[in-house]
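Student: I am new to this structure and would like to go through it slowly, one question at a time.

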Amino acid sequence: MTVWDDLTGQAAAIEVFRAAAESSAAPTTSAVPAATGDAGQVAAAPDSMTHSWLITGPPGSGRSNLAYAFASALLCRDGGCGHCADCRQVAARTHPDLAILATDRVVITIDEVRRLVSASQFSPSVARYRVVVIEDADRMAERTSNVLLKALEEPPERTVWILCAPSEADLLPTIRSRVRSVRLRVPSTSDVAALLVKRDGVDAETAERAARESQSHIGMAHRLATNDEARARRADTIELALSVTTVGDAVRGAATLLEIAGADAQAITEERDAEERAAALRSLGVEPGQAIPPALRSQIKALEDDQKRRATRSLRDGIDRILTDLLSLYRDIVLLQLGARVELVNEAISAEVRRRAEDNDSSSTLAAMDAIADARRRIAANVAPALALEAMLITLAEAGRSASRKVAP
Ligand SMILES: [Zn+2]
């Protein structure tokens, strides 16, 4: 069981990183694996090590998982064995030669990057490398990017930067030109389902449904497959959209959607905090249920403070997930209306989706999709979420009314 085993659907990208880690471990060996070539824009000599990497791919494709697997491969004496102290510390994000910038806030501040850059100047304390991971490198303003740029231009010999972003276009050209870029693909539904079966012991049918409904977002698929409440919240969201027909429905519906988003955000935050805390305690050698020794309390306190700071972005994320689910519903409907033969995201309620597709015309479905996109844009621009969701639901209600008109003219 190595650090690469839990990554799904990214064989080509894994090969690039594995080869780089191996070549860096044994620079004189000739037994380096052949180049794979199709994992994005990899410069010449893809098996060789370089100081700055960029991993791009849509949310949920496993960008940060791959970044930490690569970090393990560089910090572990055994190329990322998955069970030594180094690998466990990377998994718990507590390795002394690993620096991380992971933020749930909307932007990365210039001070955060300055701190990271100065940490990157030190030699590694125990491993071959010092590894610095920036999980959302796209959330940097230009001024902040320029601080990072200086560090990428003159990297200390044993420092490796791993940046993650949705796409290369999210970074300044000056940054892009200094990193080796590896693009991930969206894993297929069956890749994600297979992972849930193998890694989490989920039954095949539940795994398949969760993979479909999450649209191959690995983290979301895991939640839908293993958490009844998360599944119920998704079902409630879709049900609500299908049942609004009046302005009154829309106003009440917006309040309900906000409650669902809040509950979802809170549940995710709690799960994540508990998992991080457990991982941190494990890496510090504290058994579950055992009291935290006084010498370690300040470390746990620092983690908890960090978790409190991050909580602020999660309601917006919760709303965003709802909008993604709603969009998947109207996407299914419009594809049926256009006669496309594709797998439905919402296959589990296909009878309802098909009925709606028949009772309605594609123009009102497209209007509904536009309304969802508008709501997302307006919330990103700081419009009060309740107002943006109300306006969206009024358009969805119109689509619902035109459906019932068509049934009984
Ligand atoms: Zn290891």
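Student: Does F70 count as buried or exposed?
Tutor: This is a predicted model, in which local features need pLDDT of at least 70 and side-chain atom pairs count only at pLDDT 80 or more, whereas totals for chains, interfaces and linings use all residues. Residues are numbered from 1 along each chain as its sequence is written, and side-chain values use heavy atoms, with hydrogens and water left out. The labels rest on relative accessible area with a 1.4 Å probe and protein chains only: under 20% is buried, over 50% exposed and in between partly exposed. F70 has 0% relative accessibility, so the residue counts as buried.

Student: How many aromatic pairs does a search of the whole structure find?
Tutor: Rings of Phe, Tyr and Trp (its six-membered ring) pair if their centres lie within 6.5 Å, and planes under 30 degrees apart are stacked, over 60 edge-to-face and the rest tilted. When the whole structure is searched for such pairs, the number found is three.

Student: What is the angle between the planes of F17 and W53, and how many residues apart in sequence are the parts that this pair ties together?
Tutor: F17 and W53 form a tilted pair, with 5.0 Å from centre to centre and 50° between the planes. Helices (H or I, at least four residues) and strands (E, at least two) are DSSP runs numbered from the N terminus. Because F17 lies in helix α1 and W53 in strand β1, the pair, with its planes at 50°, ties together parts whose separation in sequence is 36 residues.

Student: Which residues form one aromatic cluster?
Tutor: F17 and W53 each count as buried, with 0% relative accessibility for F17 and 0% for W53. The rings of F17 and F70 have centres 4.6 Å apart and planes at 45°, so this pair too is tilted. The pair joins distant parts of the chain, since F17 is in helix α1 and F70 in helix α2, 53 residues apart. The one aromatic cluster is formed by F17, W53 and F70.

Student: Which element gives the most residues to the largest nonpolar core?
Tutor: A nonpolar core is a set of buried Ala, Val, Leu, Ile, Met, Phe, Trp, Tyr and Cys residues joined through side-chain atoms within 4.5 Å. The largest has 34 residues, of which W4, L66, F70 and V131 touch the most other members. At least two residues each come from α1 (11–25), β1 (52–56), α2 (63–75), α3 (85–91), β3 (130–134) and β4 (159–165). With nine residues, the element giving the most to this core is α2.

Student: How many residues are in the second, separate core?
Tutor: This core includes V244, L329, Y330 and L344. Being separate from the largest one, it has a count of its own, and that count is 33 residues.

Student: Which residues does V131 touch, leaving out those up to four places away in sequence?
Tutor: Contact here means heavy atoms within 4.5 Å. V131 is one of the residues that touch the most other members of the largest nonpolar core. Residues up to four places away in sequence are not counted, and the residues that V131 touches are then A71, L74, L75, D97, L98, A99, V160 and I162.
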